[in-house]
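Colleague: I have some questions about the fold and its internal space. Short answers, please.

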Amino acid sequence: SVSCIYGLGSPIDYQHMTLSLRPGMEKDRDEVLKTLISIQYERNDIDFKRGTFRVRGDVVDVFPIGNADSAYRIEFFGDEVDRITEFDVLTGREKAQMEHIVVFPASHYVVTPEHMEAGIKKIEEELADRIEYFKSNGKLLEAQRIQERTNYDIEMMRETGFCSGIENYSMHLDGRNFGDTPETLLDYFPPDTLIIVDESHISIPQIGAMYNGDQSRKSTLVEYGFRLPSAKENRPLSFEEFEDKIDQMLFCSATPGPYEESHELERAEQVIRPTGLLDPEISVRPIEGQIDDLITEINKETAKKNKVLVTTLTKKMAEDLTEYLKEAGIRVKYLHSDIDTLERARIIRSMRLDEFDVLVGINLLREGLDIPEIGLVAILDADKEGFLRSKTSLIQTIGRAARNAEGRVIMYADNMTASMKESIDETNRRRKIQDDYNKAHGITPTTIKKAVRDLIAISKNVESVSKMSEKEMESMSNEEINKNIEAFTKAMMAAAAELNFEKAAELRDKIKELKEHIQ
(Lines give C-alpha, C1' and ligand atoms only; values in the text may rest on other atoms or scores of the structure.)
Protein backbone atom coordinates (compact mmCIF):
# COMPACT_ATOMS: atom_id res chain seq x y z
CA SER A 1 0.00 0.00 0.00
CA VAL A 2 1.00 3.67 -0.03
CA SER A 3 2.28 3.13 3.54
CA CYS A 4 5.39 1.49 2.03
CA ILE A 5 6.89 5.02 2.00
CA TYR A 6 6.74 5.18 5.83
CA GLY A 7 9.94 4.90 7.91
CA LEU A 8 10.54 1.24 8.77
CA GLY A 9 14.02 0.92 10.26
CA SER A 10 17.30 -0.25 8.80
CA PRO A 11 17.20 -3.41 6.62
CA ILE A 12 20.80 -4.18 7.69
CA ASP A 13 19.89 -4.12 11.40
CA TYR A 14 16.76 -6.15 10.65
CA GLN A 15 18.82 -8.81 8.86
CA HIS A 16 21.39 -9.02 11.66
CA MET A 17 18.66 -9.48 14.29
CA THR A 18 17.34 -12.75 12.82
CA LEU A 19 17.69 -16.17 14.48
CA SER A 20 19.06 -18.88 12.17
CA LEU A 21 19.01 -22.53 13.32
CA ARG A 22 19.92 -25.92 11.82
CA PRO A 23 19.83 -29.43 13.30
CA GLY A 24 23.28 -30.33 14.65
CA MET A 25 24.20 -26.70 15.35
CA GLU A 26 25.87 -26.04 18.70
CA LYS A 27 23.50 -23.62 20.42
CA ASP A 28 22.62 -23.39 24.08
CA ARG A 29 18.89 -23.35 24.81
CA ASP A 30 19.16 -20.30 27.11
CA GLU A 31 21.10 -18.43 24.41
CA VAL A 32 18.23 -19.07 21.96
CA LEU A 33 15.69 -17.81 24.51
CA LYS A 34 17.70 -14.60 25.07
CA THR A 35 17.89 -14.05 21.30
CA LEU A 36 14.13 -14.50 20.93
CA ILE A 37 13.49 -11.94 23.66
CA SER A 38 15.95 -9.49 22.07
CA ILE A 39 14.03 -9.65 18.76
CA GLN A 40 10.76 -8.82 20.59
CA TYR A 41 9.24 -12.29 21.02
CA GLU A 42 7.37 -12.80 24.30
CA ARG A 43 7.37 -15.95 26.38
CA ASN A 44 3.83 -17.18 26.94
CA ASP A 45 3.34 -20.83 27.93
CA ILE A 46 -0.48 -20.50 28.00
CA ASP A 47 -1.66 -18.21 25.17
CA PHE A 48 0.43 -19.38 22.20
CA LYS A 49 0.00 -16.83 19.41
CA ARG A 50 2.07 -15.08 16.74
CA GLY A 51 5.11 -13.31 18.18
CA THR A 52 5.36 -15.62 21.22
CA PHE A 53 7.32 -18.72 22.28
CA ARG A 54 6.84 -21.36 24.96
CA VAL A 55 9.31 -23.62 26.75
CA ARG A 56 8.91 -27.16 28.08
CA GLY A 57 12.19 -28.62 29.26
CA ASP A 58 14.50 -29.01 26.26
CA VAL A 59 11.71 -28.22 23.78
CA VAL A 60 11.07 -24.65 22.57
CA ASP A 61 8.04 -23.80 20.41
CA VAL A 62 8.24 -20.55 18.42
CA PHE A 63 5.26 -18.98 16.61
CA PRO A 64 6.90 -16.72 13.94
CA ILE A 65 5.29 -13.35 13.40
CA GLY A 66 4.87 -14.03 9.68
CA ASN A 67 3.11 -17.42 9.96
CA ALA A 68 -0.66 -17.84 10.03
CA ASP A 69 -1.26 -21.32 11.47
CA SER A 70 2.08 -23.11 11.81
CA ALA A 71 4.94 -22.84 14.32
CA TYR A 72 8.40 -24.35 14.81
CA ARG A 73 9.35 -26.90 17.49
CA ILE A 74 13.06 -26.82 18.38
CA GLU A 75 14.35 -29.82 20.36
CA PHE A 76 17.69 -29.60 22.16
CA PHE A 77 20.07 -32.33 23.31
CA GLY A 78 22.50 -30.68 25.69
CA ASP A 79 24.04 -27.69 23.91
CA GLU A 80 23.06 -28.93 20.46
CA VAL A 81 19.97 -28.42 18.30
CA ASP A 82 18.77 -32.00 17.87
CA ARG A 83 15.65 -31.64 15.72
CA ILE A 84 13.45 -28.91 14.19
CA THR A 85 9.89 -29.54 13.02
CA GLU A 86 7.01 -27.44 11.71
CA PHE A 87 3.64 -28.20 13.31
CA ASP A 88 0.02 -27.10 13.08
CA VAL A 89 -0.73 -24.73 15.95
CA LEU A 90 -4.37 -25.81 16.25
CA THR A 91 -4.04 -29.60 16.05
CA GLY A 92 -0.39 -30.04 17.06
CA ARG A 93 0.11 -32.31 14.04
CA GLU A 94 3.64 -32.39 12.64
CA LYS A 95 3.71 -30.97 9.10
CA ALA A 96 7.39 -31.16 8.11
CA GLN A 97 10.90 -31.77 9.38
CA MET A 98 13.07 -28.70 8.82
CA GLU A 99 16.73 -28.62 7.82
CA HIS A 100 17.00 -24.88 8.40
CA ILE A 101 14.79 -22.11 9.80
CA VAL A 102 15.13 -18.34 10.09
CA VAL A 103 13.06 -16.53 12.71
CA PHE A 104 12.57 -12.87 11.81
CA PRO A 105 12.05 -10.14 14.44
CA ALA A 106 8.53 -9.63 15.79
CA SER A 107 8.91 -5.88 15.19
CA HIS A 108 10.69 -3.89 12.49
CA TYR A 109 12.01 -1.57 15.18
CA VAL A 110 14.66 -3.91 16.56
CA VAL A 111 18.02 -2.38 17.34
CA THR A 112 21.37 -3.90 18.27
CA PRO A 113 22.55 -3.15 21.85
CA GLU A 114 25.38 -0.94 20.53
CA HIS A 115 23.02 1.19 18.42
CA MET A 116 20.50 1.27 21.27
CA GLU A 117 22.98 2.76 23.76
CA ALA A 118 24.32 5.28 21.23
CA GLY A 119 20.76 6.27 20.34
CA ILE A 120 19.75 6.70 24.00
CA LYS A 121 22.65 9.11 24.58
CA LYS A 122 21.43 11.27 21.69
CA ILE A 123 17.85 11.10 23.00
CA GLU A 124 19.04 12.29 26.43
CA GLU A 125 20.94 15.20 24.83
CA GLU A 126 17.87 16.25 22.82
CA LEU A 127 15.68 15.89 25.91
CA ALA A 128 17.94 18.24 27.94
CA ASP A 129 17.78 20.85 25.15
CA ARG A 130 14.01 20.54 24.91
CA ILE A 131 13.46 20.89 28.67
CA GLU A 132 15.64 24.01 28.64
CA TYR A 133 13.64 25.41 25.71
CA PHE A 134 10.28 24.91 27.48
CA LYS A 135 11.51 26.36 30.79
CA SER A 136 13.02 29.42 29.13
CA ASN A 137 9.63 30.07 27.48
CA GLY A 138 7.67 29.60 30.72
CA LYS A 139 6.11 26.30 29.60
CA LEU A 140 6.67 24.34 32.79
CA LEU A 141 3.84 21.84 32.18
CA GLU A 142 5.25 20.93 28.76
CA ALA A 143 8.75 20.60 30.27
CA GLN A 144 7.52 18.18 32.92
CA ARG A 145 5.44 16.23 30.39
CA ILE A 146 8.30 15.65 27.95
CA GLN A 147 10.74 14.83 30.78
CA GLU A 148 8.54 12.17 32.39
CA ARG A 149 7.47 10.57 29.12
CA THR A 150 10.93 10.41 27.57
CA ASN A 151 12.67 9.17 30.72
CA TYR A 152 10.11 6.37 31.01
CA ASP A 153 10.70 5.37 27.36
CA ILE A 154 14.48 5.43 27.88
CA GLU A 155 14.18 3.15 30.92
CA MET A 156 12.00 0.69 28.95
CA MET A 157 14.45 0.63 26.06
CA ARG A 158 17.39 -0.03 28.38
CA GLU A 159 15.60 -2.83 30.22
CA THR A 160 13.65 -4.55 27.43
CA GLY A 161 15.09 -3.15 24.18
CA PHE A 162 11.67 -1.79 23.28
CA CYS A 163 9.07 0.77 24.33
CA SER A 164 5.64 1.81 23.15
CA GLY A 165 6.10 4.28 20.29
CA ILE A 166 9.78 3.39 19.80
CA GLU A 167 9.45 4.43 16.14
CA ASN A 168 9.32 8.07 17.31
CA TYR A 169 12.98 7.73 18.32
CA SER A 170 13.97 6.09 15.02
CA MET A 171 16.14 9.04 13.93
CA HIS A 172 18.52 8.54 16.88
CA LEU A 173 18.36 4.73 16.85
CA ASP A 174 19.17 4.64 13.11
CA GLY A 175 21.96 7.20 13.52
CA ARG A 176 20.29 9.74 11.21
CA ASN A 177 20.36 13.52 11.41
CA PHE A 178 17.50 15.99 10.97
CA GLY A 179 16.42 16.01 7.32
CA ASP A 180 18.03 12.68 6.39
CA THR A 181 15.88 10.33 4.30
CA PRO A 182 14.35 7.55 6.46
CA GLU A 183 14.67 3.92 5.39
CA THR A 184 11.39 2.42 4.20
CA LEU A 185 10.09 -0.81 2.73
CA LEU A 186 11.54 0.29 -0.62
CA ASP A 187 15.04 -0.06 0.89
CA TYR A 188 14.41 -3.77 1.50
CA PHE A 189 14.33 -4.38 -2.26
CA PRO A 190 17.19 -4.29 -4.81
CA PRO A 191 17.80 -0.97 -6.63
CA ASP A 192 16.44 -2.30 -9.96
CA THR A 193 13.07 -3.36 -8.46
CA LEU A 194 10.05 -2.74 -10.69
CA ILE A 195 7.37 -0.76 -8.80
CA ILE A 196 3.80 -1.22 -10.09
CA VAL A 197 1.31 1.46 -9.01
CA ASP A 198 -2.35 0.47 -9.30
CA GLU A 199 -4.94 3.24 -9.74
CA SER A 200 -1.98 5.60 -10.07
CA HIS A 201 -4.16 8.68 -10.60
CA ILE A 202 -5.20 8.26 -6.93
CA SER A 203 -2.07 6.67 -5.41
CA ILE A 204 0.54 9.16 -6.68
CA PRO A 205 -1.14 12.29 -5.24
CA GLN A 206 -1.53 10.44 -1.91
CA ILE A 207 2.25 10.15 -1.53
CA GLY A 208 2.77 13.89 -1.18
CA ALA A 209 -0.37 14.24 0.94
CA MET A 210 0.88 11.64 3.45
CA TYR A 211 4.05 13.59 4.16
CA ASN A 212 2.28 16.92 4.65
CA GLY A 213 -0.45 15.45 6.85
CA ASP A 214 2.06 13.61 9.03
CA GLN A 215 4.18 16.72 9.60
CA SER A 216 1.12 18.78 10.55
CA ARG A 217 -0.01 16.24 13.16
CA LYS A 218 3.47 15.71 14.65
CA SER A 219 4.08 19.48 14.94
CA THR A 220 1.17 19.72 17.41
CA LEU A 221 2.55 16.83 19.52
CA VAL A 222 6.00 18.45 19.62
CA GLU A 223 4.64 21.90 20.47
CA TYR A 224 2.81 20.66 23.57
CA GLY A 225 5.58 18.43 24.91
CA PHE A 226 4.14 15.04 23.98
CA ARG A 227 7.09 14.20 21.72
CA LEU A 228 10.64 15.36 21.04
CA PRO A 229 11.24 17.31 17.80
CA SER A 230 13.06 14.25 16.40
CA ALA A 231 9.67 12.46 16.32
CA LYS A 232 8.93 14.48 13.16
CA GLU A 233 11.69 12.45 11.50
CA ASN A 234 9.62 9.30 11.98
CA ARG A 235 7.80 10.15 8.79
CA PRO A 236 6.85 9.07 5.30
CA LEU A 237 9.09 9.97 2.39
CA SER A 238 8.51 13.35 0.84
CA PHE A 239 7.53 13.22 -2.82
CA GLU A 240 11.05 14.19 -3.93
CA GLU A 241 12.59 11.46 -1.73
CA PHE A 242 10.15 8.93 -3.17
CA GLU A 243 11.19 9.87 -6.69
CA ASP A 244 14.85 9.34 -5.76
CA LYS A 245 14.04 5.72 -4.79
CA ILE A 246 12.46 4.91 -8.15
CA ASP A 247 14.44 2.98 -10.75
CA GLN A 248 11.59 1.76 -12.94
CA MET A 249 7.87 2.14 -12.44
CA LEU A 250 4.72 0.89 -14.16
CA PHE A 251 1.56 3.00 -13.77
CA CYS A 252 -1.82 1.25 -14.10
CA SER A 253 -4.88 3.44 -14.54
CA ALA A 254 -7.88 3.91 -16.81
CA THR A 255 -7.40 7.66 -16.33
CA PRO A 256 -3.68 8.59 -16.03
CA GLY A 257 -3.03 11.82 -14.15
CA PRO A 258 -0.71 14.74 -15.00
CA TYR A 259 2.30 13.12 -13.24
CA GLU A 260 2.03 9.89 -15.24
CA GLU A 261 1.56 11.78 -18.52
CA SER A 262 4.62 13.99 -17.91
CA HIS A 263 6.89 11.07 -16.92
CA GLU A 264 5.81 8.25 -19.24
CA LEU A 265 8.37 6.77 -21.63
CA GLU A 266 5.89 4.47 -23.32
CA ARG A 267 2.13 3.91 -23.09
CA ALA A 268 0.36 0.57 -23.60
CA GLU A 269 -3.44 0.60 -23.83
CA GLN A 270 -5.45 -2.46 -22.80
CA VAL A 271 -8.49 -1.49 -24.81
CA ILE A 272 -9.39 -4.89 -26.27
CA ARG A 273 -11.11 -7.19 -23.77
CA PRO A 274 -10.97 -11.03 -24.00
CA THR A 275 -14.79 -11.12 -23.69
CA GLY A 276 -15.21 -8.73 -26.62
CA LEU A 277 -17.05 -6.24 -24.42
CA LEU A 278 -17.36 -2.69 -25.68
CA ASP A 279 -17.21 0.48 -23.61
CA PRO A 280 -20.83 1.52 -22.95
CA GLU A 281 -22.93 3.77 -25.16
CA ILE A 282 -23.45 7.22 -23.66
CA SER A 283 -26.52 9.41 -24.08
CA VAL A 284 -27.06 12.93 -22.70
CA ARG A 285 -30.56 13.96 -21.61
CA PRO A 286 -31.96 17.20 -20.13
CA ILE A 287 -32.16 17.69 -16.36
CA GLU A 288 -35.82 18.66 -16.49
CA GLY A 289 -37.88 15.56 -15.81
CA GLN A 290 -34.72 13.52 -15.08
CA ILE A 291 -36.24 11.57 -12.17
CA ASP A 292 -39.31 10.42 -14.11
CA ASP A 293 -37.08 9.48 -17.04
CA LEU A 294 -34.74 7.64 -14.66
CA ILE A 295 -37.61 5.58 -13.21
CA THR A 296 -38.67 4.59 -16.73
CA GLU A 297 -35.11 3.48 -17.56
CA ILE A 298 -34.80 1.59 -14.27
CA ASN A 299 -37.98 -0.35 -15.03
CA LYS A 300 -36.60 -1.26 -18.47
CA GLU A 301 -33.38 -2.61 -16.93
CA THR A 302 -35.05 -4.53 -14.10
CA ALA A 303 -37.35 -6.18 -16.64
CA LYS A 304 -34.16 -7.56 -18.26
CA LYS A 305 -32.84 -8.66 -14.82
CA ASN A 306 -30.11 -6.04 -14.98
CA LYS A 307 -29.02 -3.76 -12.13
CA VAL A 308 -28.69 0.05 -12.05
CA LEU A 309 -26.16 2.42 -10.47
CA VAL A 310 -27.20 6.03 -9.87
CA THR A 311 -24.63 8.64 -8.83
CA THR A 312 -25.67 11.99 -7.34
CA LEU A 313 -23.72 15.06 -6.22
CA THR A 314 -24.86 15.45 -2.61
CA LYS A 315 -25.72 13.20 0.33
CA LYS A 316 -29.10 14.93 0.72
CA MET A 317 -30.01 14.32 -2.91
CA ALA A 318 -28.97 10.66 -2.63
CA GLU A 319 -31.14 10.19 0.49
CA ASP A 320 -34.16 11.95 -1.09
CA LEU A 321 -33.80 10.00 -4.35
CA THR A 322 -33.56 6.70 -2.46
CA GLU A 323 -36.74 7.52 -0.54
CA TYR A 324 -38.57 8.61 -3.71
CA LEU A 325 -37.57 5.47 -5.65
CA LYS A 326 -38.64 3.31 -2.69
CA GLU A 327 -42.09 4.96 -2.70
CA ALA A 328 -42.27 4.25 -6.44
CA GLY A 329 -41.96 0.52 -5.66
CA ILE A 330 -38.35 0.14 -6.74
CA ARG A 331 -36.01 -2.05 -4.69
CA VAL A 332 -33.25 0.44 -3.90
CA LYS A 333 -30.33 0.80 -1.49
CA TYR A 334 -28.23 3.86 -0.61
CA LEU A 335 -24.44 3.44 -0.34
CA HIS A 336 -23.14 6.34 1.76
CA SER A 337 -19.77 7.42 3.14
CA ASP A 338 -20.47 6.20 6.70
CA ILE A 339 -20.56 2.58 5.57
CA ASP A 340 -17.30 0.70 6.30
CA THR A 341 -15.52 -1.52 3.78
CA LEU A 342 -16.96 -4.84 5.00
CA GLU A 343 -20.53 -3.53 5.03
CA ARG A 344 -20.00 -2.05 1.57
CA ALA A 345 -18.93 -5.48 0.27
CA ARG A 346 -22.01 -6.99 1.91
CA ILE A 347 -24.34 -4.50 0.19
CA ILE A 348 -22.74 -5.09 -3.21
CA ARG A 349 -23.04 -8.85 -2.69
CA SER A 350 -26.71 -8.43 -1.77
CA MET A 351 -27.29 -6.58 -5.03
CA ARG A 352 -25.67 -9.40 -7.01
CA LEU A 353 -27.88 -11.89 -5.15
CA ASP A 354 -30.92 -10.03 -6.57
CA GLU A 355 -32.07 -8.65 -3.21
CA PHE A 356 -32.42 -5.15 -4.66
CA ASP A 357 -32.07 -3.56 -8.11
CA VAL A 358 -30.78 0.01 -7.76
CA LEU A 359 -27.74 1.31 -5.88
CA VAL A 360 -27.59 5.07 -5.22
CA GLY A 361 -24.30 6.72 -4.18
CA ILE A 362 -22.13 9.81 -4.39
CA ASN A 363 -18.40 9.13 -4.66
CA LEU A 364 -18.40 5.40 -4.05
CA LEU A 365 -19.15 4.31 -7.60
CA ARG A 366 -15.73 4.76 -9.18
CA GLU A 367 -12.59 2.59 -8.74
CA GLY A 368 -12.92 -1.05 -7.77
CA LEU A 369 -16.70 -1.47 -8.07
CA ASP A 370 -16.97 -4.60 -10.20
CA ILE A 371 -20.59 -5.71 -10.73
CA PRO A 372 -21.19 -7.51 -14.07
CA GLU A 373 -24.97 -7.26 -13.62
CA ILE A 374 -24.92 -3.45 -14.07
CA GLY A 375 -26.85 -2.63 -17.24
CA LEU A 376 -27.25 1.11 -16.65
CA VAL A 377 -25.22 3.83 -14.96
CA ALA A 378 -27.14 7.09 -14.48
CA ILE A 379 -25.13 10.26 -13.73
CA LEU A 380 -27.34 13.03 -12.36
CA ASP A 381 -26.25 16.69 -12.73
CA ALA A 382 -23.39 15.63 -15.00
CA ASP A 383 -22.76 19.25 -16.06
CA LYS A 384 -21.93 20.51 -12.53
CA GLU A 385 -18.17 20.82 -13.12
CA GLY A 386 -16.01 19.81 -10.14
CA PHE A 387 -14.14 16.87 -8.59
CA LEU A 388 -17.09 14.46 -8.80
CA ARG A 389 -17.78 15.47 -12.40
CA SER A 390 -14.21 15.82 -13.67
CA LYS A 391 -13.00 13.92 -16.73
CA THR A 392 -11.26 11.33 -14.50
CA SER A 393 -14.31 10.77 -12.27
CA LEU A 394 -16.69 10.55 -15.23
CA ILE A 395 -14.54 7.99 -17.09
CA GLN A 396 -14.21 5.87 -13.94
CA THR A 397 -17.97 6.03 -13.35
CA ILE A 398 -18.73 5.18 -16.99
CA GLY A 399 -16.46 2.13 -16.63
CA ARG A 400 -18.89 0.58 -14.13
CA ALA A 401 -21.18 -0.28 -17.08
CA ALA A 402 -18.38 -1.86 -19.15
CA ARG A 403 -18.76 -5.35 -17.61
CA ASN A 404 -22.13 -6.00 -19.27
CA ALA A 405 -22.79 -6.54 -22.99
CA GLU A 406 -25.93 -4.39 -22.67
CA GLY A 407 -24.22 -1.73 -20.53
CA ARG A 408 -25.07 1.92 -21.21
CA VAL A 409 -24.70 5.30 -19.53
CA ILE A 410 -27.12 8.22 -19.28
CA MET A 411 -25.81 11.66 -18.33
CA TYR A 412 -28.48 14.13 -17.22
CA ALA A 413 -27.23 17.62 -18.13
CA ASP A 414 -28.36 20.86 -19.79
CA ASN A 415 -24.86 21.90 -20.89
CA MET A 416 -21.96 20.02 -22.44
CA THR A 417 -18.98 20.73 -20.15
CA ALA A 418 -15.36 20.19 -21.18
CA SER A 419 -15.12 17.19 -18.82
CA MET A 420 -18.24 15.62 -20.28
CA LYS A 421 -17.02 16.11 -23.86
CA GLU A 422 -13.56 14.68 -23.10
CA SER A 423 -14.95 11.65 -21.27
CA ILE A 424 -17.52 10.95 -23.99
CA ASP A 425 -14.93 11.35 -26.78
CA GLU A 426 -12.47 9.04 -24.98
CA THR A 427 -15.15 6.39 -24.39
CA ASN A 428 -16.29 6.56 -28.03
CA ARG A 429 -12.65 6.30 -29.21
CA ARG A 430 -12.16 3.11 -27.19
CA ARG A 431 -15.54 1.76 -28.27
CA LYS A 432 -14.69 2.19 -31.96
CA ILE A 433 -11.35 0.37 -31.55
CA GLN A 434 -13.11 -2.50 -29.72
CA ASP A 435 -15.95 -2.72 -32.24
CA ASP A 436 -13.57 -2.75 -35.24
CA TYR A 437 -11.51 -5.52 -33.61
CA ASN A 438 -14.63 -7.59 -32.87
CA LYS A 439 -15.88 -7.27 -36.47
CA ALA A 440 -12.46 -8.17 -37.88
CA HIS A 441 -12.21 -11.29 -35.73
CA GLY A 442 -15.88 -12.33 -35.59
CA ILE A 443 -16.20 -11.81 -31.83
CA THR A 444 -19.60 -11.40 -30.16
CA PRO A 445 -19.46 -9.44 -26.88
CA THR A 446 -20.41 -11.52 -23.83
CA THR A 447 -21.17 -10.31 -20.32
CA ILE A 448 -18.57 -11.22 -17.70
CA LYS A 449 -19.55 -14.29 -15.69
CA LYS A 450 -18.46 -13.84 -12.10
CA ALA A 451 -19.51 -16.04 -9.20
CA VAL A 452 -20.90 -14.39 -6.07
CA ARG A 453 -18.40 -15.32 -3.38
CA ASP A 454 -19.29 -15.85 0.26
CA LEU A 455 -18.29 -13.16 2.70
CA ILE A 456 -15.93 -13.95 5.57
CA ALA A 457 -18.16 -14.11 8.65
CA ILE A 458 -17.04 -14.03 12.29
CA SER A 459 -20.12 -15.96 13.32
CA LYS A 460 -22.49 -17.90 11.10
CA ASN A 461 -25.11 -18.48 13.79
CA VAL A 462 -27.36 -15.57 12.87
CA GLU A 463 -26.78 -16.15 9.14
CA SER A 464 -28.02 -19.73 9.44
CA VAL A 465 -31.13 -18.53 11.27
CA SER A 466 -32.08 -15.91 8.68
CA LYS A 467 -30.97 -14.10 5.56
CA MET A 468 -31.20 -10.81 7.48
CA SER A 469 -27.47 -10.13 7.09
CA GLU A 470 -27.84 -10.39 3.32
CA LYS A 471 -31.21 -8.75 2.81
CA GLU A 472 -31.72 -5.24 4.11
CA MET A 473 -34.94 -4.33 5.92
CA GLU A 474 -35.67 -1.44 3.53
CA SER A 475 -36.17 -3.89 0.66
CA MET A 476 -38.26 -6.43 2.64
CA SER A 477 -42.04 -6.79 2.70
CA ASN A 478 -44.01 -6.99 5.97
CA GLU A 479 -44.46 -10.73 5.40
CA GLU A 480 -40.70 -11.26 5.11
CA ILE A 481 -40.06 -9.14 8.22
CA ASN A 482 -42.59 -11.19 10.21
CA LYS A 483 -40.90 -14.42 9.12
CA ASN A 484 -37.57 -13.05 10.29
CA ILE A 485 -39.07 -12.00 13.64
CA GLU A 486 -40.37 -15.54 14.14
CA ALA A 487 -37.01 -17.11 13.24
CA PHE A 488 -35.04 -14.72 15.45
CA THR A 489 -37.43 -15.32 18.37
CA LYS A 490 -36.82 -19.09 18.19
CA ALA A 491 -33.06 -18.51 18.00
CA MET A 492 -33.20 -16.10 20.95
CA MET A 493 -35.01 -18.67 23.11
CA ALA A 494 -32.52 -21.37 22.13
CA ALA A 495 -29.57 -19.10 22.97
CA ALA A 496 -31.09 -18.24 26.36
CA ALA A 497 -31.64 -21.94 27.12
CA GLU A 498 -27.95 -22.55 26.43
CA LEU A 499 -27.10 -19.65 28.82
CA ASN A 500 -25.61 -17.73 25.87
CA PHE A 501 -27.14 -14.46 27.04
CA GLU A 502 -24.94 -12.21 24.87
CA LYS A 503 -26.23 -13.90 21.71
CA ALA A 504 -29.80 -13.80 23.08
CA ALA A 505 -29.51 -10.06 23.75
CA GLU A 506 -28.14 -9.48 20.26
CA LEU A 507 -31.08 -11.35 18.74
CA ARG A 508 -33.53 -9.46 20.98
CA ASP A 509 -32.18 -6.17 19.59
CA LYS A 510 -32.60 -7.50 16.04
CA ILE A 511 -36.23 -8.40 16.77
CA LYS A 512 -36.88 -4.91 18.17
CA GLU A 513 -35.29 -3.35 15.07
CA LEU A 514 -37.42 -5.51 12.77
CA LYS A 515 -40.65 -4.60 14.56
CA GLU A 516 -39.91 -0.90 14.13
CA HIS A 517 -39.78 -1.39 10.33
CA ILE A 518 -43.21 -3.01 10.01
CA GLN A 519 -45.36 -0.56 8.10
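Colleague: In the hairpin of strand 6 and strand 7, which residue takes a positive phi?
Modeller: Strands are DSSP E runs of at least two residues and helices H or I runs of at least four, numbered from the N terminus. Five residues lie between strand 6 and strand 7. The one with a positive phi, near 80°, is Gly92.

Colleague: This model is predicted, so what pLDDT do side-chain atom pairs need to count?
Modeller: Residues are numbered from 1 along each chain as its sequence is written, and side-chain values use heavy atoms, without hydrogens and water. In this predicted model, totals for chains, interfaces and linings use all residues, local features need pLDDT of at least 70, and side-chain atom pairs need pLDDT 80 or more.

Colleague: Which residue in strand 7 is the bridge partner of Phe87?
Modeller: Two strands pair if DSSP finds at least two bridges between them. Strand 6 and strand 7 have three, in the antiparallel sense. Phe87 is bridged to Glu94.

Colleague: And strand 5 with strand 6: over how many bridges do they pair?
Modeller: Strand 5 (70–77) and strand 6 (80–88) form a hairpin with two residues between them. Gly78 in that turn has a positive phi of about 70°. Phe76 is bridged to Val81 in strand 6. The pairing is antiparallel, and the number of bridges is eight.

Colleague: Which strands are at the edges of the sheet with order 2-3-4-5-6-7?
Modeller: This open sheet has six strands and mixed pairing. Each edge strand pairs on one side only. They are strand 2 (42–43) and strand 7 (94–97).

Colleague: At what angle does helix 2 run to strand 3?
Modeller: Helix 2 (29–38) lies across strand 3 (52–56), strand 4 (59–63) and strand 5. Axes are lines fitted to C-alpha atoms, for helices over the stretch in contact (heavy atoms within 4.5 Å). Angles between N-to-C directions run from 0 to 180 degrees. Here the angle is about 160°.

Colleague: What is the average twist in the sheet with order 11-16-15-12-14-13?
Modeller: Its six strands form an open sheet with parallel pairing. Strand 11 (281–285) and strand 13 (332–335) each have a single partner strand, so one side of each lacks a neighbour in the sheet. From one strand to the next, the twist averages 20°.

Colleague: Which strands does helix 13 touch?
Modeller: Take a pair in the sheet: strand 15 (374–379) and strand 16 (408–412) are parallel over four bridges. Leu376 has Arg408 as its partner in strand 16. Helix 13 (418–441) packs on the sheet, at about 150° to strand 11. The strands touched are strand 11 and strand 16.

Colleague: Which helices each supply at least two residues to the lining of the largest cavity?
Modeller: A cavity is a set of 1 Å grid points where a 1.4 Å probe fits but cannot get out, and lining residues have an atom within 4 Å of a point. The largest holds about 70 Å³. Its lining includes Asp13, Tyr14, His108, Ser170 and Leu173. The helices are helix 1 (11–16) and helix 5 (170–173).

Colleague: How far apart are the centres of domain 1 and domain 2?
Modeller: Domain bounds come from an automatic or database assignment. Domain 1 covers 19–103 and domain 2 covers 113–245. Taken over C-alpha atoms, the centres are separated by 33 Å.

Terms used
1 Å grid on protein atoms, 1.4 Å probe; cavity = no way out; pocket = protein on both sides within 12 Å on 5 of 7 lines; lining within 4 Å. Points joined across faces, edges and corners; volume = space filled by probe spheres on them.
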